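The following exercises are to be worked through with the structure in view. Each task is followed by a solution in steps.

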Amino acid sequence: MVSENAIAWYHFSSPKNFYPLAGRLIPWFWGLAVILLVVGLYMSFFVAPTDYKQGESYRIIFVHVPAAWMSMFIYLVMAAYAIIGLTWKLRMAEMMASALAPTGAMFTFLALWTGAFWGKPTWGAYWVWDARLTSELILLFLYIGYMSLQSAIDDPRRAARASALLAIVGVINLPVIYWSVKWWNTLHQGASVSPTMAPKMASIMITTMLVMTFAFWMYTIAVVLMRARRVILERERQTSWVMEMVNADPQAEMKK
Amino acid sequence: MLQVRELECVRGDHRLFTGLNFQLRGGELLRLRGSNGSGKTSLLRTVCGLLEPTEGEVLWNGENIRRQRDEFNSALLYLGHHNGIKSELTAFENLRLGSALSGGGVSDEQIYDALEKIGLGGREDLPTQVLSQGQKRRVALSRLLLSEAPLWVLDEPFTALDVGAVDRLARLVEAHLKKGNMVMFTTHQEVDLRAGTLREVSLDS
Amino acid sequence: MNQSSLSGMWRAMVSRDLTLAMRRRADVLTTLFFFIIVVSLFPLGVSPEMELLRSIAPGVIWVAALLASMLSLGRLFSDDFQDGTLEQMLLLPQPLSVLVLAKVFAHWLVSGLPLVLLSPLLGMQLGLDSDGIVLMMVTLLLGTPVLSLIGAVGAALTLGVRGGGVLVSLLVLPLYIPVLIFGTGAVDAATSGMDYEGHLSLLGAFLVLSVVLTPLGTAAALRISVE
Amino acid sequence: MSDFFAMGGHGFFIWMSFGVTALFMVIEVIAVKRSRQTVLKQLLRLARADLRKAQS
């Protein structure tokens, strides 16, 4: 007896059914993202106390840390979709992986950008060869490698599968890279100098950071679902259901 | 026995063929017809396992070829558009390398003899880059003389061959079929093959 | 699939690639000259002062070795892809990953090993002392095969892609970083008198891991690229 | 209000971080929305062309 959710899961793994479902879900995730962002920003500026040592500039961690977490998390989700896509030949999984990459790359860049603008007032330099920042930089290279491989190959099916394989190779190497960079950093600079995450974290700060992380999470799901719909339209161009949908009610489709 | 079930293949973003079913038994010759771009080469490559079909499966002796890659590969000989020979190596070296890679068992005399039979006598030790297009094609075709693989998959084998070579190749195919083996091929020239039962599959449905 | 045909296939593939490399000796030499030229640029670009050169020597030689081995990756599969021999290799009755290992081994013999043999020359040029040079050779001996093995995955993924040569470096360089860190780390430790066994065992571990894992990745990438 | 923006002298850094993050997120949303619409327009043109061919 195939369990209930197995049928539902398989039902929505076909692009034809996933497309309208994503269309219905997107507004909900946008609503959640906006609410959480507003709450998060309010907490970041008005609820979290001024830090006795760093003053106000520490508030940047309420954007820097969630962005860093998201950049790592999105790469892992991307690799998971790549594995599913390759092993079970699920085109939908491959499309989700390629829809995730640009947002992941954006958060990686933002993590580096906000890290630099937090570093300047705190340690006096925009760039510090700290283990985490260096690993973040390498993660950005992995994202760029993934996206450039995907765009360099013309045949969409081969592009999806080749970049999926690269994502898997990347995710296997990620811990090794992170750990060897961490070892390299402590060797050359010694543990004392490397900037710690933040001063002792008051619980209110942690909850603010979590709220902001959830906000970024909802944002990511909404944007990725939108991009996934575009990827579906591009790759399923020759299927009949795309043609019917476009013919049926073009104006409505444009707005949604 | 080769069997194809509900095969579908998508290239780029247009579907080449779908719901394809046919069989090929010992002593049978299957000619694949279709206009240019109808997916003949893609079908041949799917049958060989080089291209993964979007739907359906290819069976060899009842089992999917993707689950028995080594056994199926040892029973298959594929000749594509490319000749599959290295231009820096000589004709003899190419053939000896080919047999060594697929498990050896072919002596040097057999190779020289095959090259003689295919009409390359005296040119065995020239780097293939100096040979003409037709001669390079013959080096590739001489692999048919050396291989015992029961299933031959040939993509436009008669192109760039002169009349004598076409006739020689036709006799070769007939001898192969008489031994109870199978040949699947595509061609644009009308060649009279008088052995085995001819079957046809057209992709221009 | 008996043992003899596998080792027979391995020897045939390695000797094939070596003869092909010898027939096109120019390609092999360009990689080596590139390695020498890149290292000799640093004294010109940075400063001829020996003390400074000695401190950056391991990093310079390792980065040059990285770039040189990546330069030669393009030829690993692309010639076979063009003339159809790669298709025939995919249709051989032997496991593809063993075939890939043979090809990468031949590629390493031609483009990795010479770097190891040349490195003492460049070490002296940059003022490395004797045990520094010995350790440089050991780390390169352990490291360059890993570069070829990981690089093969990138070469297979970008097969037949326009601009593939540059793209390979983008895909593969981030994956080289752990080998670079522990390769240079070992030589630094040796020159400054600290113990370096830890670094060498890690390099050895990377070598074993990549010998086991990367051929599977490369084989899968080849099947995707030849489609 | 102005001291809120001054952020104890660190205003520049804080608003560069929060501002650029917000800017990137907005740009990404607009870019994705517009790219989907261009694909839809192409499909529309394709569909109409097929329709006309079918009718003629």
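**Exercise 1. Chain pairs**

Task: Determine how chains C and D are placed with respect to contact, and which pair of chains shares the most contacts.

Solution. Step 1: Chain C and chain D are joined by no contact (heavy atoms within 4.5 Å); their closest C-alpha atoms lie 24 Å apart.
Step 2: Chain B and chain D also lack any contact, with closest C-alpha atoms 14 Å apart.
Step 3: Four pairs of chains are in contact, and among these chains A and D share the most contacts.

Before continuing, note that this is a predicted model, in which local features need pLDDT of at least 70, side-chain atom pairs count only at pLDDT 80 or more, and totals for chains, interfaces and linings use all residues. Residues are numbered from 1 along each chain as its sequence is written, chains are lettered from A and ligands numbered from 1 in the order in which they are written, and side-chain values use heavy atoms, with hydrogens and water left out.

**Exercise 2. Two interfaces**

Task: Describe the interface of chain D and chain A, then that of chain C and chain B, by residues, buried area and salt bridges.

Solution. Step 1: The size of an interface is often given as the accessible area lost when the parts come together. Here, buried area is the accessible area (1.4 Å probe) that two parts lose on being put together, summed over both.
Step 2: In the first interface, 31 residues of chain D are in contact with 43 residues of chain A. Chains D and A bury about 3,400 Å² between them, and 79% of this lies on carbon and sulfur atoms.
Step 3: One salt bridge (a side-chain nitrogen of Lys or Arg within 4 Å of a carboxyl oxygen of Asp or Glu) is found across the interface of chains D and A. A:Arg227 and D:Glu28 meet in a salt bridge, at 2.8 Å from N to O.
Step 4: In the second interface, chain C contributes 25 residues and chain B 26 residues. Chains C and B bury about 2,400 Å² between them, with 55% of it on carbon and sulfur atoms.
Step 5: Five salt bridges are found across the interface of chains C and B. C:Asp80 and B:Lys86 form a salt bridge, with their closest N and O atoms 2.5 Å apart.

**Exercise 3. The build of chain A**

Task: State how many helices and strands chain A has, and what percentage of its residues is buried.

Solution. Step 1: Chain A has nine helices and zero strands; these are DSSP runs numbered from the N terminus, helices being H or I with at least four residues and strands E with at least two.
Step 2: Of the 256 residues in chain A, 56% are buried (under 20% relative accessible area, where exposed is over 50% and partly exposed in between; 1.4 Å probe, protein chains only).
Step 3: Among contacts in chain A between residues at least 6 apart in sequence, 79% join residues at least 24 apart.

**Exercise 4. The cysteines of chain B**

Task: Explain why B:Cys48 forms no bond with the closest cysteine sulfur, and decide whether B:Cys48 is buried or exposed.

Solution. Step 1: The structure as a whole holds zero disulfides (pairs of cysteine sulfur atoms within 2.5 Å).
Step 2: The closest cysteine sulfur to that of B:Cys48 belongs to B:Cys9 and is 13 Å away, which is too far for a bond.
Step 3: B:Cys48 counts as buried because its relative accessibility is 2%. B:Cys9, at 1% relative accessibility, counts as buried too.
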